[in-house]
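The following exercises ask the reader to work through a protein model from single residues up to sheets, cores and a pocket. Each task is followed by a solution in steps.

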Amino acid sequence: MATVTFDKASRIYPGADHPAVDGLDLHIEDGEFLVLVGPSGCGKSTSLRMLAGLEEVNSGRILIGDRDVTSVLPKDRDIAMVFQNYALYPHMTVRENMGFALKISKTPKDEIARRVNEAAGILGLEPFLDRKPKALSGGQRQRVAMGRAIVRKPQVFLMDEPLSNLDAKLRVQTRTQIASLQRNLGVTTVYVTHDQTEALTMGDRIAVLKDGVLQQCGTPQEMYDRPANRFVAGFIGSPAMNLGTFRVDGDEVILGSASVRLPRTTVAAITGADEGRITVGFRPESLEVVAERPGSTIPVVVDLVEELGSDAYVYGHLAGAADPAVGAGGESADSPIIVRIPPRTAPNRGETIHVRIREDQQHCFSAATGERIG
Ligand SMILES: Nc1ncnc2c1ncn2[C@@H]1O[C@H](COP(=O)(O)OP(=O)(O)O)[C@@H](O)[C@H]1O
Ligand SMILES: [Mg+2]
């Protein structure tokens, strides 16, 4: 087992004007499950492939343990990668697929058999060892791909969107299986996904990337409770955090016809570049429906109610937003505000409800830079 360190690692593809990965600094602990997450094209696969040795590192270094592997061949890095498309050999049985890398490295036959049987036992693949991939379900193929990585007993597992070919229900089952398998094996794992729910549920820590730049790294709880900037705030959490840019008046922020008091340290951190505005975020569950108190409760016109059984969400918009340049839920006044309410208490469409942000549950970001304030 080993730690993994990205030390200001960058990758610029030939002919590109921006780095695909830009000065990535990330230290992953021995045995840790680290999830790299971000929207499509943000540089997740490139980062993983740099660690695997499949992509050149143009500047910076990559270390596995204390060893600088920046220019070490992939086969000498002691890593095993699970790809999105599994890349199983169609003409080989499950047993042969799982043992193939060991055979190539001239591992003795009885050792291969022992390791393949052991991995098959862990993954529940014993009944399928003599089948070819085409006779397996998607979930079984996924487990064979995992098995192929496990038999190699590598120092680090690398997984690139290994669940994206599974249907929604299987994806949920498999993500808990992979997470508990990783904890049992204790092998340092770097896992790539674009799905923030996977990141929150699987990772010991999450690293969010955007445009090749690391935005924040922390535990799921830290990322959810204290997003470092507006991007992370909007990316982590489902339904997404309501976010809007509003006018500041003294020590209050004006949300439609309501004003909300800001902490003094927050007001003090607003700069000239913010031009008297602040970006405020509040999660759907940070709002509570209350009796109207003119001037201090936020009026929301109900557009749609989504009943999910255990919860319900109101999708509405801010009533009486005077300034069309500002709004919540996105960038414009008519983008939605989402409010979580108890199930079966839904107001009617067109009704106005009044909500309040629960004590200390607003997040403030600089209108100019998007960085967290306070
Ligand atoms: N082989 C390549 N040649 C040139 N550009 C590439 C190559 N692979 C990826 N890119 C570009 O690098 C950026 C990051 O890609 P990638 O790491 O695959 O993102 P992700 O896995 O997060 O979706 C994207 O803009 C993509 O178009
Ligand atoms: Mg990718």
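**Exercise 1. Describe the surroundings of Leu136.**

Solution. Step 1: in this predicted model, residues up to four places away in sequence are set aside, and Leu136 then touches Val94, Phe128, Arg131, Arg141 and Val144. Step 2: Leu136 is placed in the loop between helix 3 (109–123) and helix 4. Step 3: the cut-off for a buried residue is under 20% relative accessible area. Leu136 has a value of 6%, and is therefore buried. Step 4: as a long-range reference, Gly31 lies 105 residues from Leu136 in sequence, with a C-alpha to C-alpha distance of 31 Å.

**Exercise 2. Determine whether Ser47 is buried or exposed, and list its contacts.**

Solution. Step 1: Ser47 belongs to helix 1. Step 2: its relative accessible area is 0%, so Ser47 is buried. Step 3: apart from neighbours within four places in sequence, the residues in contact with Ser47 are Phe6, Val21, Leu24, Leu36 and Leu209.

**Exercise 3. Explain why helix 1 is described as largely enclosed.**

Solution. Step 1: the buried residues of helix 1 are Lys44, Thr46, Ser47, Leu48, Met50, Leu51 and Ala52. Step 2: because 7 of the 9 residues of helix 1 are buried, the rest of the structure largely encloses it. Step 3: helix 1 (residues 44–52) lies across strand 3 (33–37), strand 6, strand 7, strand 8 (188–193) and strand 9 (205–210). Its direction is at about 150° to strand 7. Step 4: after helix 1 comes Gly53, with a positive phi near 90°.

**Exercise 4. Reconstruct the mixed sheet from its strand order and edges.**

Solution. Step 1: the sheet is open, has 6 strands and follows the order 6-7-8-3-9-10, with mixed pairing. Step 2: strand 6 (79–82) and strand 10 (213–218) are the edge strands, each pairing on one side only. Step 3: from one strand to the next, the twist averages 15°. Step 4: at one edge, strand 6 pairs with strand 7 (residues 156–160) in the parallel sense, over 4 bridges. Within this pair, Met81 has Leu158 of strand 7 as its bridge partner. Step 5: helix 4 (residues 138–150) packs on the sheet and touches strand 6 and strand 7. The direction of helix 4 makes about 175° with that of strand 6.

**Exercise 5. Work out the arrangement of the antiparallel sheet.**

Solution. Step 1: this open sheet of 6 strands has antiparallel pairing and the order 13-12-11-14-20-21. Step 2: strand 13 (258–261) and strand 21 (372–373) each have a single partner strand, so each has one side without a neighbour in the sheet. Step 3: strand 12 (residues 252–255) and strand 13 run antiparallel and are joined by 4 bridges. Val260 in strand 13 is the bridge partner of Val253. Step 4: in general, the strands of a sheet pair through backbone hydrogen bonds, in a parallel or antiparallel manner.

**Exercise 6. Identify the nonpolar cores and the contacts of Met98.**

Solution. Step 1: the largest nonpolar core contains 41 residues, and Met98 and Val208 have the most contacts inside it. Step 2: beyond four places in sequence, Met98 is in contact with Val116, Ala119, Ala120, Leu125, Leu129, Val144, Gly147, Arg148 and Val151. Step 3: a second, separate core has 28 residues, including Leu24, Cys42, Val72 and Leu158.

**Exercise 7. Characterise the largest pocket by its volume and lining.**

Solution. Step 1: the largest pocket holds about 680 Å³ of space. Step 2: it is lined by 22 residues, of which Ile79, Ala80, Met81, Ala101 and Arg152 are the closest to its centre. Step 3: strand 6, helix 2 (94–104) and helix 4 each give two or more residues to the lining. Helix 2 gives the most, with 4 residues.

**Exercise 8. Summarise the chain as a whole.**

Solution. Step 1: the chain has 9 helices and 21 strands. Step 2: of its 374 residues, 48% are buried. Step 3: its C-alpha atoms fill a box of roughly 80 × 50 × 35 Å along the principal axes. Step 4: of the contacts between residues at least 6 apart in sequence, 68% join residues at least 24 apart.

Note on methods
Residues numbered from 1 in each chain as written. Chains lettered and ligands numbered in written order. Predicted model: local features only at pLDDT ≥ 70, side-chain atom pairs only at ≥ 80, totals over all residues. Heavy atoms only, no water. Pairing = 2+ DSSP bridges. Axes fitted to C-alpha atoms, helices over the stretch in contact; angles between N-to-C directions. Contact = heavy atoms within 4.5 Å. Core = buried A, V, L, I, M, F, W, Y, C linked by side-chain atoms within 4.5 Å. Buried < 20%, exposed > 50% of the residue type's maximum accessible area, 1.4 Å probe, protein only. 1 Å grid on protein atoms, 1.4 Å probe; cavity = no way out; pocket = protein on both sides within 12 Å on 5 of 7 lines; lining within 4 Å. Points joined across faces, edges and corners; volume = space filled by probe spheres on them.
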